[in-house]
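Work through the exercises below with the model open beside you. Try each task before reading its solution.

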Amino acid sequence: MNHDQPGRASAAPAPLPSHARVVIVGGGVIGCSIAYHLARLGWRDVVLLERNQLTSGTTWHAAGLLTTLRDTETQTKLAKYSQELYRRLEAETGQPTGLIDTGSIQLAITADKAEEMRRGVHMARSFGVEAHEISPAEVQRHWPLAAVEDLSAAFYFPNDARVNPTDVTQALARGARMQGVRILDHTPVRAILKRDGRVTGVRTDRGEIGAEYVVNCAGLWARQVGHMAGVNVPLQAAEHYYLISEPIEGVHSKLPILRDPGNSAYIREEAGKIMVGLFEQRAVPWAEHGPPADFAFGEIPPNWERMEPYIEKAMRRVPILLETGIKLLFCGPESFTPDHNYLMGEAPNLKNFFVAAGFNSLGILSGGGVGHVMSQWIVEGRAPMDLWSVNLRRMHAWQDNDRYLLDRTVETLGIGYQDHWPNRQWETARGVKKSVLHDRIAAAGACFGESAGWERANWYAMAGETPEYRYGWGRQNWFANNAGEHRAVREGVGLFEQSSFGKLLVQGRDAGAVLERISTANVAGAVGRCVYTQFLNERGGIEADLTVTRLAEDRFLVLTAAFTLTHVEAWIRNHVPENAFVAITDLTGAYAMLNLQGPASRELLQSVSPDDFSSPGFPFASAREIRIGYQTALAIRLTYVGELGWELYVPTEFALPVYDRIVEAGRRFDLRHCGYHTLNSLRIEKAYRDWSHDIGPDDSPLAAGLGFTCDFAKPGGFVGREALLAERSQGTPKRRLVQLLLEDPEPLLHHNEPILADGEPVGFVTSAMYGHTLGAAVGLGYVRDEAGLTSERLARKRLKVQLPRTQVEARASLAPMYDPKNQRPRA
């Protein structure tokens, strides 16, 4: 951190080149890191344009914390790489980075927070991060001035550190210049140039630069730069505070960083003083209409009255602060995204326009890693690892809405310092999308969660119950409701309202050929056939997991999870050849979806429709139009829960009467409304995979047990086929997805719990729920075996799952433990 703003004097600007291979917009730590890493890969025809001076905006006032454990493996990898890079930059460039090895300590005041952190520590070890639980007395030995009487637990990360953000950025810039990168300050970008769906350059006050690639690293201004390109970059600035005390005797630079989420604060040394950073639970957005054009090294006037309760609470951790003067209360802007994850990658609607922004006050921590992976993404044309959790394509066009971003940012600033309960739901900016059946299922007792803006029923309250969450690490208040819904589907019939499902109509002369090329399965079969398939990248990793239904010779319906819609649509569009005739239409809002599942689903449907639902008349994985009362719907015989069932795609104008007719007829069959938690517990019990949890861009169908979807012999092959053939030639995969069932029926699994084989870590749980039919917590997770993981070798392993305070034995199987012969869905 550098409280002295960089000098404003500068030499005459360097000449503006007419062309560059890559233009980077923004000279903060992210832009400089990408420039540095592109040059390291041999791409030296790079120009970085900074509107003011390097580090202006937010980088200059960052805290410089390098606390490596993050919420996901991906973000932890980015943070670890950053730390490794910053350690060697000074030797490479001659520019100090101000790195100080301090370690960090996370503090837990409540038993629930201690449980969360113990889970995090076990996860950290599986990700290669050293961490130890320590006693309150040990905390005080590390930090003699800290009060520890209220602590339930504490956790020490010995390899964490801190840096000077300005020095790090200058070191990256120097390293980039040493390799030929041109950096031009005082050169604001006024327009993004594009042609035929591809970026072609930028326009500045000094002229135009043609470019093959443009990278938006504009920080606070990234949303505005995105608008220049017609690309949505949903982020919003908020006020972010820290204070610095007067000098305090005994405070030195080697004191560990204290992270104190119970008090919404971090604490570290700053030049013999103490810095206290604040992440209040309800933040204040800044610059509602965009940051001022002339804002550079500015500060926001602090609101002492609003912040006083947070300051006083945080100071109690180091009581001497209560009697020490405050030298500075600083308020500066930081930008935050709607889900508190970064925005990275190629725009879904503009070729070669990349974004790296929205780092939620974690830009220094992740900057090195971001430059490392973004440079490879640009050079190789694909992400070098699974970056879905930070991929820009997880965002949706509707999220670029001023009111939505302002309301959500109130919550996102402080979310990292709050309790991360299982199934925790966002509280702000809700009600964006509601299906036409919303009021009906609300009246049925739905407790709503949110996904991709949709309000969806996660579980249903019984009569007399309030449909709201009471969070905890044990069995939450909806556990019994989930059990009842789960049993209804296994034994009778359940109704899931899933109108949020993404629905893409792909049609035209070449639609079948395009979908065949990107699908592992043969999807261009008979009309009325529904096919489960994956889309793969060139490495054989799974980019999408969905179904394709052939409606006519030249019309296909692609069905995908709501949160993947932007990504899937872009993936298809990007694989349409230049002269092909293909049209893609998003029909998501045009159809409601009612999913009837369970052994009594056939009898129920037969009671409301004159159509034939027998197996000969309506085979598994087939689709046809059916009649219900005066209405019609597209019915697809499929399941994601392992039972006999049909998905009904109902035009929205027909949805209410169809729903009412089914519910009325369903009384005779004890029809039960079921939520997404039950969909999840049923699918995990059946070992069905979930994209972004169990499978993703780094996982191949062979490792994931989905090789059956791959038609290696179909004419023309498919994207990723060669990578899979190479993998298959090496024999049994060394890493495979298995199903795990705890031997003890009491504990719960959530995700990211380490899996141990004979005491050694071999993987971690990717998703889990309670298996009410199998009688214990059940999960999916990858297990490694260097000799190749066969069923026989798996059976010989003594597997345990690491829980916060104990290890629990688990039974594992490559085949589903529920209905392993898959007879029930085909009954």
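Three short exercises follow, on a predicted model.

**Exercise 1. Find which strands stand at the edges of the sheet with the order 29-30-31-28-22-32.**

Solution.
- Start with the sheet. It is open, has 6 strands and shows mixed pairing.
- Read the ends of the order: 29 at one end, 32 at the other.
- Strand 29 (623-628) and strand 32 (672-674) each have a single partner strand, so one side of each lacks a neighbour in the sheet.
- Note the twist too. Neighbouring strands of this sheet are turned by 30 degrees against each other on average, direction ignored.

**Exercise 2. Describe what strand 29 pairs with and what lies across it.**

Solution.
- Look at strand 30 (residues 631-636). It runs antiparallel to strand 29, and 6 bridges join the two.
- Pick one residue pair: Leu-634 in strand 30 stands opposite Glu-625.
- Now add helix 14 (residues 601-608). Helix 14 lies across strand 29, strand 28 (591-597) and strand 31 (645-651).
- Helix 14 runs at about 35 degrees to strand 31.

**Exercise 3. Place Asn-423 and Asp-670, then decide whether each is buried, partly exposed or exposed.**

Solution.
- Asn-423 sits in the loop between helix 9 (402-412) and helix 10 (438-443). Its phi is near 65 degrees, a positive value in a residue other than glycine.
- The relative accessible area of Asn-423 is 27%, so Asn-423 counts as partly exposed.
- Asp-670 lies in the loop between helix 15 (652-666) and strand 32. Its phi is positive, about 55 degrees, although Asp-670 is not a glycine.
- Exposed means over 50%. Asp-670 has a relative accessible area of 65%, so Asp-670 is exposed.

Conventions. Residues numbered from 1 in each chain as written. Predicted model: local features only at pLDDT ≥ 70, side-chain atom pairs only at ≥ 80, totals over all residues. Heavy atoms only, no water. Pairing = 2+ DSSP bridges. Helix = DSSP H or I, 4+ residues; strand = E, 2+ residues; numbered from the N terminus. Axes fitted to C-alpha atoms, helices over the stretch in contact; angles between N-to-C directions. Contact = heavy atoms within 4.5 Å. Buried < 20%, exposed > 50% of the residue type's maximum accessible area, 1.4 Å probe, protein only.
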